[in-house]
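Here is a short briefing on one structure. Please keep the sequence and the 3D view at hand while reading.

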Amino acid sequence: MEAQLQELIPFLRDRNPQVRHLALSNLLPQTPNGAPHRNIFFSGLQAGGLQPKSKENDIIRDLKLLCRDQLSVAHDAFRALVNLSDSPALASTLSEPAFLTFIVSYIINPQSVLADLASMLLSNLSASSAVCATVLSLTIDIISEPTLPNAFYVPQSRCATSVAPDPYPAGDARAVLALPLLVDAFVQGAQVDERGNDDTSTRIRKGNLHFLASVFANLTTSSAGRNFFLTPQASKTLEPEGEVEYPLAKLVAFTEHKDIIRRGGVTSTIKNCVFHAPAHKAVLSPDSVRVSVPPSTSVAAGIDALPYILLPLAGPEEMDLEDQEKLPDALQFLPPTKVREPDQAVRLLHVETLLLLCHTRWGRDHLREHGVYEIIRVAHENESVDKISEHIERLVMILKGDEPDIDPSEEHPSGTAETSVGVEYASDDDSRIEEV
C-alpha cells in the first residue's frame, strides 16, 4: 500500500488538474496523526526538518504549491497541511518566509475562498515561538484601491481561489505590518451581511476566520505579542494619523460569540494580556477614560474589558436592586434566557483572568466597586466543576480580605514579573497570585 501511495506523488505535478486532484484525494487520508502511512510525508526531510536549513521533500513542496491551485485541489492541499502541521518535523519548511507571507496575505484578502482553512493552518503553526516572532514583525505588500471592499488589494494573495480584481489596481505596492490587518480581518469575519445573515456566500468576506483567535492567543504568550495588543494603534489601520485604540479593545466583545474557537481564543488572549500588570488600568478602564500602559506614555480609550469577562460567568438569576446597581451596565437586569459559558475550560480562563487582575491594589478596588463579587458569588452557587469552584473561592478571599494599610497610588505594578500561558490552561503555579 505504501509503495502505491509513493507512486501517486509525481502526479501532484501533472498538468491535468483532475489528475492532481485524484492523486491528492488518495493521499489526503494519510495526513492525520495516527494514519498508517503518514511517514511518506516526512521521508527525505534533512535533520528531521528541525534545522534552519532543512530541505523540504518533494511532497511538502508540492502541497504548498497546490494551496494556490483551483478550488478542489487547493482545498485538499490546505487540509493536508493543517493535518501535518501538528508535527515539529515540518515546522521549518511550513514557516519559511515566502509561504508564511502567502498564508497571511491570503487570510487578509476578503475574497479568499479558503481563508478559514488558511487560518487553521496559521493557528497550528503559531504554536511555534519562532513563527510567532515572524508573524509579529511580518510585512506584506498592499495596493491602495478605494473601490475594493477594504480599500486595498493584497497582491501576494493572488491564486486560483483568491483572484485579482478586474481591472487590476494601478497604484504602487507598499509594505505594511500584517498583524493589524489580521486583527481587522478577524473582526470583519464575525460581521453579518445587510440582512443579518452570517452566510459567507452573501458577505464581502468569504471566511469567518474564527481560528485567528487562537493565533492571537499564541502570540500573546510572549511579551512582544502582549505589547502589540496593549500599545495604541490607529483605529483605521491605513490611516495612521487618525484616532488610536488598543488592539485588544477590538477583540474583547467576542467573549460571548457563539463559536467556541473564537470566544475561547479571545478569552485566552485577554488572560495572557493581563499577565502584564501595568496594563490592568487600561484593560479595566471604560472607553470614556484615556489611559496609558507604563512605561509608554501613549494614551488611548480604556479597553473596558470587565463586562466581557463577567458576562460569560453571569446567569439569569435575579439580584437585589442594591447588588444590581454595583454591576456594569451590560450586566444589569439580564434576561431569563441568559446562560453561563457552557465550556468549563473557558469559564476557568475567565476566573483566572479575574484573579490576575487582583494582582494590583487598583485592580482589586476596581473589581470590588463594579460588582465582581456579586457575580461570582452566584456563579459559585451554580458551578459543578471543583477546580473552578476552588478558584472562585480564592478570588472571594482576595476581594473580601483586608488590605494592607498603604495608599494604592504608591503601588508600583511595573516591577511585577511577567508570566504567560498559551491557549491551554496553565498550572496553578504558573498563575499563582501573591497578595500585595
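The points below cover a sheet, a helix pair and the cysteines.

This is a predicted model. Its open sheet has 3 strands. Helices H18 and H19 pack at an angle of about 150 degrees. The structure holds 0 disulfides.

**Sheet**
- The strand order is E2-E1-E3, and the pairing is antiparallel.
- The edge strands are E2 (152-153) and E3 (174-177), each of which pairs on one side only.
- Helix H9, residues 178-189, packs on this sheet and touches E1, E2 and E3. The direction of H9 makes about 70 degrees with that of E3.
- Strand E1 spans residues 139-144 and pairs with E2 over 2 bridges, in the antiparallel sense.
- Ser144 stands opposite Phe152 of E2.

**Helix pair**
- Helix H18 covers residues 372-381, and helix H19 covers residues 386-400.
- Their axes lie 10 Å apart, at an angle of about 150 degrees. H18 is therefore roughly antiparallel to H19.
- The H18 and H19 crossing is left-handed.
- On the H18 side, the contact residues are Val372, Tyr373, Ile376, Ala379 and His380. They meet residues of H19, among them Ser389, Ile392, Glu393, Leu395 and Val396.

**Cysteines**
- Why does Cys67 form no bond with Cys159? The closest cysteine sulfur to that of Cys67 is in Cys159, 8.8 Å away, which is too far for a bond. A disulfide needs the sulfur atoms within 2.5 Å.
- Cys67 is buried, with a relative accessible area of 0%.
- Cys358 is also buried, at 1% relative accessible area.

How values were computed:
Residues are numbered from 1 along each chain as its sequence is written. This is a predicted model: local features need pLDDT of at least 70, side-chain atom pairs count only at pLDDT 80 or more; totals for chains, interfaces and linings use all residues. Side-chain values use heavy atoms; hydrogens and water are left out. Buried means under 20% relative accessible area, exposed over 50%, partly exposed in between (1.4 Å probe, protein chains only). Two strands pair if DSSP finds at least two bridges between them. Helices (H or I, at least four residues) and strands (E, at least two) are DSSP runs, numbered from the N terminus. Contact means heavy atoms within 4.5 Å. Axes are lines fitted to C-alpha atoms, for helices over the stretch in contact, and angles run from 0 to 180 degrees between N-to-C directions. Angles under 35 degrees count as roughly parallel, over 145 as roughly antiparallel, 65 to 115 as roughly perpendicular and the rest as oblique. A crossing is left-handed if the near helix is turned anticlockwise from the far one by less than a right angle, and right-handed if clockwise.
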